[in-house]
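Let's work through a few short exercises together. Take a look at the structure first, then try each task before reading its solution.

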Amino acid sequence: MMLINLSLDKILDLLKYNQNDPLIFSTILFLFFFFIVLIFYNLFSKNKNIRVFLLIIFSLYFYYKVVGFYFIILIVSAVINFYLTKWMSTYENFTKRRWVLILIIVLNLAILAYFKYTNFILQIINDVANKNIEPLAIFLPIGISFYTFKALNYVFDVYLDTLKPAKNLSDFCVFLFFFPNLLAGPIDRASEFLPQIDKEPFISKEDLGKAIFLISAGLLKKVVIADYISLNYVDRIFDFPIRYTGLENLIAVYGYALQIYCDFSGYSDMAIGIAILLGFKLMDNFNSPFKATSIADFWRRWHISLSKWLLDYLFRPIQFKFRNLHLYGNMIALFITFLLCGLWHGAGWNFILWGALHGFFMSFALLIQKPKNAFYTKLRIKNTRFLKFFQVIITFHLVAFSFLVFRANNISLVGQVISQIFTFFHGEIITQFIEKLPLIFTLILVGYLFHFIPLSLENKIKKLIAVTPWFGKALILAVVIWIAAQFKSADIQPFIYFQF
Amino acid sequence: MISPELKKVILKELNLDDFDLKDETTAPEVPGWDSLNHINIILAVEEYFKIKFKSYEVLRLKNVGDLQKLVDSKTGKK
């Protein structure tokens, strides 16, 4: 009897919120629950009410496992946004509409600002006014930036009259709570997502192939590459850059760029793959960002759901305001957009500086666009492979440098890393490096090689998985999970993007 | 139908000799009509037709046909 009690307690403990054990995709508990949900979901796939009920309940439980009782914020956000937007849509007159819109934006940003930026603002007040206000113990509910932006795209589209309000609160809740993209995106569009709720889920062979490809690729990117190289290499170098040579620092900079890409895009891949299994198509979030030939091109390939959001709801309105300034209006709009993009990522100067850097890159590129193109035409290298090659290399280094700033919670780290690279390089130790850290070297190399494989090959792999019989598909997943388990270190590294 | 005047203004701004602009044509389908150039076209249309747009009127445009309708409503043509 005692034994049963004991294990029951253990199970209950497992099911309860635990700060150190969120229900992220790469945990066994998630796989277990998801499997059960998937069975019921398919059994009752013809009944919309049951589908909606299952998605809402499981999503709320999923969020409870991540943030505890703060999952209430999600419900508050849904109620505020759904009912106020419905109210807004009753006004034909845009002046009145605008007032409700402002009210909704203020409420959303107030919730976001309280949880995310209060202590940062206090710190600034302390620094500026030389005061000593103690930071408040405010819990940061993971994913709040993502679902706040998800809700806002619905609000904006209804405001502009390009989208009809959701039919009922439960439909809106499915959109807002949807567990695959709740914590770290893609920040899906309500206009694309809402109509899918009504449709009976249908998963074609191609869809299934894509889902298995994405879940496998995502898991490998996250667990094998990102977690492993961060824990065993990048973090160590960035903890004490001056203890290492410039070569090791440079590899850490390259390693971190790869790590943050694999971590974040791996999570997105899994989210998109899992959504497919539930019959939902989410928007693409990454498109080989390191293949970009300019910073503008990078933002068309990196965190696409955010950059599109910023383009539509922040850049365009600012650009319109400053339209009489022509080129300079565009430059100002770009800079402000990216500055706020930085702030969205987190309450810290490193994020703001990172955003400012991208804003500067983008607006400066715009300023020199005409003379630059004339120069390329004169040299007859415009649109050549030769030029493209150098553009990719330069863009990559600008991006990698910006990620170093992003990573640095103390700006002196950037100086130390750069100074080591330029004054203490010691390229000759590369052979020693490969000998001592063969796995790190191989993972970084393989990570980048895979990044640069042509899209056509990737599509071929997806098709190949699609036509594989079911036991073959199961075998692929089993092998991937087995490899991931081999690499999984004692603790699961939290996803980098979760802290935003 | 896209009026010859609107077509002329858009093509001039994009440095295009000719492009078949239909009601359902969207910006990305037209060479050079990107998110940065978009505002130059809006500005050129405002200046040519001597009209002023409001931000929500422009932000909700989905295609060239919508722009034509907006211009028509502003210039008093229906």
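**Exercise 1.** How much area does chain B expose, and what share of it do carbon and sulfur atoms supply?

Solution. This is a predicted model, in which local features need pLDDT of at least 70, side-chain atom pairs count only at pLDDT 80 or more, and totals for chains, interfaces and linings use all residues. Residues are numbered from 1 along each chain as its sequence is written, chains are lettered from A, and side-chain values use heavy atoms, without hydrogens and water. Chain B exposes about 4500 Å² (Shrake-Rupley method, 1.4 Å probe). Carbon and sulfur atoms supply 52% of that area.

**Exercise 2.** Describe the fold of chain B and its overall dimensions.

Solution. Start with the elements: chain B has four helices and zero strands (DSSP runs: H or I of at least four residues for helices, E of at least two for strands). Read from the N terminus, their order is α-α-α-α. The radius of gyration, taken over C-alpha atoms, is 11 Å, close to the 12 Å of the globule rule (2.2 Å times the number of residues to the power 0.38) for 78 residues, so chain B is as compact as a globular protein of that length. Finally, its C-alpha trace spans about 30 × 25 × 20 Å along the principal axes.

**Exercise 3.** What percentage of the residues in chain B is buried?

Solution. Buried means under 20% relative accessible area (1.4 Å probe, protein chains only). In chain B, 44% of the 78 residues are buried.

Technical notes: Buried means under 20% relative accessible area, exposed over 50%, partly exposed in between (1.4 Å probe, protein chains only).
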